[in-house]
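Open the model in your viewer and switch to a cartoon view with side chains ready to be shown. We will go from stop to stop, selecting a few residues each time.

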Amino acid sequence: EVQLVESGGGLAQAGGSLRLSCQASGFTFDEPAIGWFRQAPGKEREGISCIDGSDGSTYYADSVKGRFTISSDNAKNTVYLQMNSLKPEDTAVYYCAADYYCSGAGTPEWYDYWGQGTQVTVSS
């Protein structure tokens with residue numbers, strides 16, 4: 001059974017940093033793509049980053065480019081999202097999700113497997 005578990009969320013001040021982790025297990029296909037998404041109250045879920053398992057290519061939404069970095073540790077079956085220079089508008093529940101390949105920063109409707117999310121709150 002596929003399982004994705006996010007961790008690392010919490011409270012940060014504007015300009016601060018957090019690192020999110022996505023622990024993956026149970027995949028029946030090789031080298032999945034892992035995307036990071038976020039959803040704020042009253043807002044639609046948006047894709048913010050993706051890392052392609054086949055070649056390591058990375059993708060970012062314009063809203064986070066230059067501030068967030070996605071990376072992977074294949075030995076630990078874990079994907080990370082390093083978030084720097086945080087802004088209050090980054091406040092949301094953050095999810096990781098898996099698909100066969102990245103489609104840019106990610107379209108939620110196209111992903112097959114999802115974690116339960118981790119809350120990130122950024123104060124001004």
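**Stop 1: the open sheet**

Which order do the four strands of the open sheet have? The order is β1-β3-β8-β7, and the pairing is antiparallel. Before you select anything, note that this is a predicted model, in which local features need pLDDT of at least 70 and side-chain atom pairs count only at pLDDT 80 or more, while totals for chains, interfaces and linings use all residues. Residues are numbered from 1 along each chain as its sequence is written, and side-chain values use heavy atoms, with hydrogens and water left out.

Strands here are DSSP runs (E, at least two residues), numbered from the N terminus, and two strands pair if DSSP finds at least two bridges between them. Colour β1 (3-7) and β7 (68-73): these are the edge strands, each pairing on one side only. On average, neighbouring strands of this sheet are turned by 15 degrees against each other, direction ignored; the axes behind that angle are lines fitted to C-alpha atoms, and angles run from 0 to 180 degrees between N-to-C directions.

Now add β8 (residues 78-83), which is joined to β7 by six bridges in an antiparallel run. Show Phe68 and you will find Met83 of β8 opposite.

**Stop 2: the loops beside β8**

Select Asn77, in the loop between β7 and β8. Asn77 has a positive phi near 50 degrees, in a residue other than glycine. Most residues other than glycine have a negative phi. At 47% relative accessibility, Asn77 is partly exposed (buried is under 20% relative accessible area, exposed over 50%, partly exposed in between, with a 1.4 Å probe and protein chains only).

Next, pick Ser85, in the loop between β8 and β9. Ser85 also has a positive phi, of about 50 degrees, and is not a glycine. Its relative accessible area is 40%, so Ser85 is partly exposed. Draw a distance from its C-alpha atom to that of Gln13: the two residues are 72 places apart along the chain, and the separation is 9.2 Å. Leaving out residues up to four places away in sequence, Ser85 touches Gly15, Gly16, Ser17, Arg67 and Asp90 (contact means heavy atoms within 4.5 Å).

**Stop 3: strand β4 and its partners**

Is β4 largely enclosed or left open by the rest of the structure? Six of its seven residues are buried, so β4 is largely enclosed. Seven bridges join β4 to β9, antiparallel; show Ile34 and its bridge partner Ala98 in β9. Five bridges join β4 to β5, again antiparallel, with Phe37 opposite Gly47 in β5. The hairpin of β4 and β5 has six residues between the strands, and Gly42 takes a positive phi near 80 degrees there.

While you are at β5, select Ser49. Ser49 is buried at 0% relative accessibility, and its contacts beyond four places in sequence include Ile34, Trp36, Tyr59 and Leu81.

**Stop 4: the nonpolar cores**

Show Ile34, Trp36, Phe68, Leu81, Met83 and Tyr94 as sticks: of the 23 residues in the largest nonpolar core, these touch the most other members. Such a core is a set of buried Ala, Val, Leu, Ile, Met, Phe, Trp, Tyr and Cys residues joined through side-chain atoms within 4.5 Å. Strands β3 (18-25), β4, β5 (46-51), β7, β8, β9 (92-99) and β11 (118-123) each supply at least two of its residues. A second, separate core of six residues includes Phe37, Cys50, Ala97 and Tyr111.

**Stop 5: the aromatic cluster**

Finish with Phe37, Tyr95, Tyr111 and Trp114, which form one aromatic cluster. The structure holds five aromatic pairs. For Phe37 and Trp114, the ring centres are 4.8 Å apart and the planes are at 55 degrees, so this pair is tilted (ring centres of Phe, Tyr and Trp, its six-membered ring, must lie within 6.5 Å; planes under 30 degrees apart are stacked, over 60 edge-to-face, the rest tilted). The pair links Phe37 in β4 (residues 33-39) with Trp114 in β10 (residues 113-114), 77 residues apart. Phe37 is buried at 0%, whereas Trp114 is partly exposed at 25%.

Last, add Arg45. Its charged end sits over the ring of Tyr95, 3.8 Å from the centre, and over the ring of Trp114, 4.9 Å from the centre (CZ of Arg or NZ of Lys within 6 Å of the ring centre and within 35 degrees of the ring normal).
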